Amino acid sequence: AEVTWITADGERITAEVGDGVSLMEAAVANGVPGIVGECGGGMMCATCHVYVESDHRTGAPGPIEADLLDFADAPRRDGSRLSCQISARPELDGITVEVPPGW
Ligand code: FES
């Protein structure tokens, strides 16, 4: 799926992400600033926080993810997700996620 990140500086980075690869891993691989993925996708760090733009094709966060989002550095918003918990899949093609400021 084609994924676009909008960095805190307003830069757009678009990459093709293979099915099953998390948007955190893809962000790190593509050098998206502000996505650290410190815990390697273990839902422990919240350094992979993103705001999913406009629609909610990724669904809602699960309960553990939701708890962790409350502790993320950047404020939690409606589209907040931990990007390590979003796996690329064909339905997400064209998705845009915004990287919160402040890391
Ligand atoms: Fe740590 Fe997502 S990479 S919570």
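What follows is a conversation about the sheet and the nonpolar core of a predicted model.

Visitor: How do you know that strand 3 and strand 4 pair?

Guide: Two strands count as paired if DSSP finds at least two bridges between them, and 3 bridges join strand 3 to strand 4 (residues 80-82), so these strands pair, and they run antiparallel. Within that pairing, Val-50 stands opposite Arg-81 in strand 4.

Visitor: What makes strand 3 and strand 5 a pair?

Guide: They are joined over 2 bridges in the antiparallel sense, and since at least two are required, the condition is met. Here Tyr-51 stands opposite Glu-98 in strand 5.

Visitor: Why is the pairing in the sheet called mixed?

Guide: The open sheet of 5 strands has the order 2-1-5-3-4; strand 1 and strand 5 pair in the parallel sense over 4 bridges, whereas strand 3 and strand 5 pair in the antiparallel sense, and the sheet is accordingly described as mixed.

Visitor: What makes strand 2 and strand 4 edge strands?

Guide: Strand 2 (12-16) and strand 4 each pair on one side only.

Visitor: How do you know which residues Val-3 is in contact with?

Guide: Contact requires C-beta atoms, placed from the backbone, within 7 Å; leaving aside neighbours within four places in sequence, Val-3 is in contact with residues including Leu-23, Ala-26 and Ile-95. Val-3 also stands opposite Ile-95 in strand 5.

Visitor: Which residues have the most contacts inside the largest nonpolar core?

Guide: They are Val-3, Leu-23 and Ala-27, in a core of 21 residues, and the largest share of this core, 4 residues, comes from helix 1.

How values were computed. Residues are numbered from 1 along each chain as its sequence is written. This is a predicted model: local features need pLDDT of at least 70, side-chain atom pairs count only at pLDDT 80 or more; totals for chains, interfaces and linings use all residues. A nonpolar core is a set of buried Ala, Val, Leu, Ile, Met, Phe, Trp, Tyr and Cys residues joined through C-beta atoms within 7 Å. A residue is buried if 20 or more other C-beta atoms lie within 10 Å of its own, exposed if 12 or fewer, and partly exposed in between; C-beta atoms are placed from the backbone. Two residues are in contact if their C-beta atoms, placed from the backbone, lie within 7 Å.
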